[in-house]
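User: I would like to understand how the descriptions of a protein model follow from its values. Could we go through some of them?

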Amino acid sequence: MVNSISEHSETAKYIVEGERRLSGEVKTQGAKNSALPILAATILTGDVCVIENCPRLSDIEAASDILRYLGCKVEMDGNVMTVDSRELTGCSIPDNLMREMRSSIVFLGAIAARCKQASLSLPGGCELGPRPIDLHLTALRKMGVEISEEYGFLNCKVKGRIHGSNINLSIPSVGATENIMIAGALADGITVINNAAMEPEIVDLANFLSSCGADIRGAGESRIIIEGRERLHGASHRVMPDRIVAATYMAAAAVTQGDITLINADPKSLGAVIPEFIEAGCKIEYNDDTIRIIADGRLRAFKNVRTMPYPGFPTDALAPLMALATVAKGNSMFVETIFENRYRHVGELRRLGANIKVEGKIAVVEGVERLTGAAVRCTDLRGGAALVVAALAAKGKSEIYEISHIERGYEDFDKVLSSLGGRVIRG
Ligand code: UD1
């Protein structure tokens, strides 16, 4: 079957020739989930911020489109993004920009704190199931943001300044914790977040805000205390390495009996992931910022991978590890506790020959000796990456469609895998 070749990732595909061993070194990209809230937070400074190690991704482009729409000057030079937010010209984000990126709600706290008003189209549903924003809104309301929902828009007004508050999150939501930290950094008084998310990306955001002059204590713990400042200033910041991308390359190495070394990585942030690879029979060597993974022989099944908020096993790494389980010896069990719709890619993995049963939150994977190449379709970002991992293990050629999902989060995925000896062509 011949398909039209296009530069655009909506219509582009990857052609993967499987059963090629990956080996060599790969530089870990900067974390998307860290860069996005940091870019939103640059608005608070009304100054120039330089964000290094910023990954080149469609989600990051979407964030820069929003910043430009608000009046910021944004430049990207390699992996360095400079955001000049001295002159903002707007405080609203239209529907088309909100829909480009699902996590754009993280701009709400930043715009409201800087402009005292904000108007954002409501973020749509998500491929992972409904993604409510009630925790974001309840917290910001407690901090003095008046929010009304009309005609699909969130209209926000702040009388005077946002004020500090005591926020108890019922779920340690990553996005809500970020929105509160960002708004709290410019608030009048002290904000305390109880049951805060503890993800490493929260710590990275706190480090950025602190270098802009914010006073934040406890990031990375379940109680974060923010003493608001009247103003912040610009700063330079280096985005942390992407732990989910690292886990994905590790899975790709493991399924191809490979031997790869991730440089500029952060093994500490993979505390719940590395033991799973060891359980599967991989050898892992790491120091402060490199991880080497060596796989030799058939992998063993995982006993029970249960996703949990950090420091538990990350929901975003479930799909890449499931791809690995499809060819491991024995039965692996996965339990997804964070999102409702994490198994949409399972049907596509089955097309490659995987044997997977899903019931509600639980998926049981019975490893098969061999997958076989097929035409498959990405259903979401991590599920799409999992299809590529599985295709790397499969006998023969696979065509992977709708790779725009993958390109939201993986920088030059095809080129990186090819540089390691895989055959992945973007067509
Ligand atoms: C972030 C990550 C995403 C990751 C997720 C969990 C970014 C851009 N995205 O998403 O990759 O999978 O953390 O680690 O950083 N919830 C509510 N009400 C709210 C907010 C969340 O009920 O107001 C629920 C969600 O539906 C979900 C759970 O809380 O079931 C966790 O969501 P959350 O931690 O907020 O995820 P995101 O910040 O959207």
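Analyst: The turns below take up a helix pair, the ligand and two backbone features of this predicted model.

User: Why are α8 and α10 called roughly parallel to each other?

Analyst: Helix α8 (residues 243-255) and helix α10 (residues 318-325) pack at an angle of about 5°. Angles under 35 degrees count as roughly parallel, and α8 and α10 are therefore described that way. Their axes are 9 Å apart.

User: Which residues make the contact of α8 and α10?

Analyst: On α8 they are Thr248, Ala251, Ala254 and Val255. On α10 they are Pro320, Ala323 and Leu324. Sorted by kind, six of the contact residues are nonpolar, one is polar and none is charged.

User: What makes the approach of serine 173 to the ligand a polar contact?

Analyst: An N or O atom in the side chain of serine 173 is 2.6 Å from an oxygen atom of the ligand. A polar contact is a pair of N or O atoms within 3.5 Å, so this pair qualifies. Leucine 135 has a polar backbone atom 2.8 Å from a ligand oxygen atom. For proline 132, a backbone N or O atom lies 3.2 Å from an oxygen atom of the ligand.

User: How much of the ligand does the protein cover?

Analyst: The ligand on its own has 740 Å² of accessible area, and the protein covers 83% of that. The ligand is surrounded by 18 residues. The closest are Asp134, Ser173, Val174, Asp316 and Ile338.

User: Where is the cis peptide bond, and what is its omega?

Analyst: The cis bond joins tyrosine 310 and proline 311, with omega about 10°. Proline 311 sits in the loop between β18 (304-306) and α10.

User: What is the phi of asparagine 53?

Analyst: Asparagine 53 has a positive phi of about 60°, although it is not a glycine. Asparagine 53 belongs to the loop between β3 (48-52) and α2 (58-69).

Conventions
Residues are numbered from 1 along each chain as its sequence is written. This is a predicted model: local features need pLDDT of at least 70, side-chain atom pairs count only at pLDDT 80 or more; totals for chains, interfaces and linings use all residues. Side-chain values use heavy atoms; hydrogens and water are left out. Axes are lines fitted to C-alpha atoms, for helices over the stretch in contact, and angles run from 0 to 180 degrees between N-to-C directions. Helices (H or I, at least four residues) and strands (E, at least two) are DSSP runs, numbered from the N terminus. Angles under 35 degrees count as roughly parallel, over 145 as roughly antiparallel, 65 to 115 as roughly perpendicular and the rest as oblique. Contact means heavy atoms within 4.5 Å. Ala, Val, Leu, Ile, Met, Phe, Trp, Tyr, Cys and Pro count as nonpolar, Asp, Glu, Lys and Arg as charged, and the others, Gly among them, as polar. A residue is near a molecule or strand if one of its heavy atoms lies within 4 Å of it. A polar contact is a pair of N or O atoms within 3.5 Å; within protein, one must be able to donate a hydrogen and the other to accept it, and residues adjacent in sequence count only if both atoms are side-chain atoms. Accessible areas come from the Shrake-Rupley method with a 1.4 Å probe; for residues, only the protein chains shown count as cover.
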